[in-house]
Amino acid sequence: MNADRDRLPGVPAWGRCGVMGIVNVTPDSFSDGGLWLDPDRAVAHGLSLVGQGADIVDVGGESTRPGAARITAEEESRRVLPVVRGLVQEGVLVSVDTMRADVAEAAVDAGARIVNDVSGGRADPAMVKVAARAGVPFVVMHWRGQSAGMDRLTAYDDVLGEVVDEVERQMETTVAGGMDPAQVIVDPGLGFAKSRADDWTLLAGLGAWRRLGRPVLVAASRKRFLGTLLAAPSTGAPRPARARDAATAAVSALAAAEGAWAVRVHTVGATADAVRVEAALRQARAPGCGSVR
Ligand code: PMM
């Protein structure tokens, strides 16, 4: 946690690692597909995540699970916008998880205050200009290509060094496209064009992101590398996605201790507790260096 680095226009300073709760308004996301397709249920779910301690609710309408096919912009807007509107009306800080400039623009018009683009502006050439003009924080995640083919893009000599360098280059591209550098959030993109081992190497190396001087978002929630870690000893079958939340909360505490700005999670309660435990420990080690709530 670094108060200066983690200051983002329009986003409160929490004095600890923030918690971004996920609302996937999709029929096919890998762990919660189909649960929140109805807008009223999606809004109610987002509010319940806030009740459990989410600081931000991330609303997405297009699955990016490995192999996922794309949907149309119209369909994505139809799924996302009513949910963004409903949550904003309730006073929630909403981010929109989209690779499309049109969807991002409409979501910001509806009150979203962060654009979370898993492609970091690479999928849609209009995205950077739209997000820059909107004047909201923009997530530059490490991304090498669309989900349909990303499992073939996992060749690295030095995964940590290359991922940080590629995000740094993409950050420079977004700034050249008009983005205020003070609005950039970076994200290692766990599971996106990464092997399970790569995900562990990236988590182990979160300190390497300090070089970029930007807030780091970590999104490990329920991902495959946790399922493999927790595979059933008898059969070797990966732990089902919805039974990976305790491991996710453990990652949240460890990522917070490494200075993550926020963690993005499906189930908020345990992670909200975990980041508070981490902040209390940090405060006890160095009283006066940041507040604990
Ligand atoms: N992962 C997913 C979706 N959106 N956004 C960011 N910034 N970082 C991620 O790693 C990320 C993301 C895929 O997970 P989901 O389908 O469970 O939402």
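Strand 1 is largely enclosed by the rest of the structure, because seven of its seven residues are buried. This is a predicted model. Strand 1 belongs to an open sheet of eight strands. Beyond the sheet, the model holds three cavities of 30 Å³ or more, and its largest pocket has about 440 Å³ of space.

**Strand 1**

- Strand 1 covers residues 18-24.
- Gly18, Met20, Ile22 and Asn24 point one way from the strand. Val19, Gly21 and Val23 point the other way.
- In a regular strand, side chains alternate between the two faces of the sheet.
- Both sets of strand 1 residues are buried. Buried here means under 20% relative accessible area.

**Neighbours of strand 1**

- Strand 2 (residues 56-60) pairs with strand 1 in the parallel sense, over five bridges.
- Met20 stands opposite Ile56 in strand 2. Val23 stands opposite Val59 in strand 2.
- Strand 8 (residues 262-265) also pairs with strand 1 in the parallel sense, over four bridges.
- Val19 stands opposite Val263 in strand 8.
- Helix 1 (residues 39-51) lies across strand 1 and strand 2. The helix runs at about 165° to strand 1.

**The whole sheet**

- The strand order is 6-5-4-3-2-1-8-7, and the pairing is parallel.
- Strand 6 (184-187) and strand 7 (217-218) are the edge strands. Each of these two pairs on one side only.

**The largest pocket**

- About 440 Å³ of space lies in this pocket.
- It is lined by 30 residues. The closest to its centre are Phe30, Thr64, Arg65, Phe192 and Lys223.
- Helix 6 (196-204) and helix 7 (224-229) are the elements that give two or more residues to the lining.
- Helix 7 gives the most, with four residues.
- By class, the lining of the largest pocket divides into 10 nonpolar, 10 polar and 10 charged residues.

**The largest cavity**

- The largest cavity holds about 50 Å³ of space.
- Its lining includes Arg5, Leu206, Trp209, Arg210 and Val216. Ala255, Glu258, Gly259 and Ala260 also line this cavity.
- Five of the lining residues of the largest cavity are nonpolar, one is polar and three are charged.

Notes
Residues numbered from 1 in each chain as written. Predicted model: local features only at pLDDT ≥ 70, side-chain atom pairs only at ≥ 80, totals over all residues. Heavy atoms only, no water. Pairing = 2+ DSSP bridges. Contact = heavy atoms within 4.5 Å. Axes fitted to C-alpha atoms, helices over the stretch in contact; angles between N-to-C directions. 1 Å grid on protein atoms, 1.4 Å probe; cavity = no way out; pocket = protein on both sides within 12 Å on 5 of 7 lines; lining within 4 Å. Points joined across faces, edges and corners; volume = space filled by probe spheres on them. Nonpolar A, V, L, I, M, F, W, Y, C, P; charged D, E, K, R; others polar. Buried < 20%, exposed > 50% of the residue type's maximum accessible area, 1.4 Å probe, protein only.
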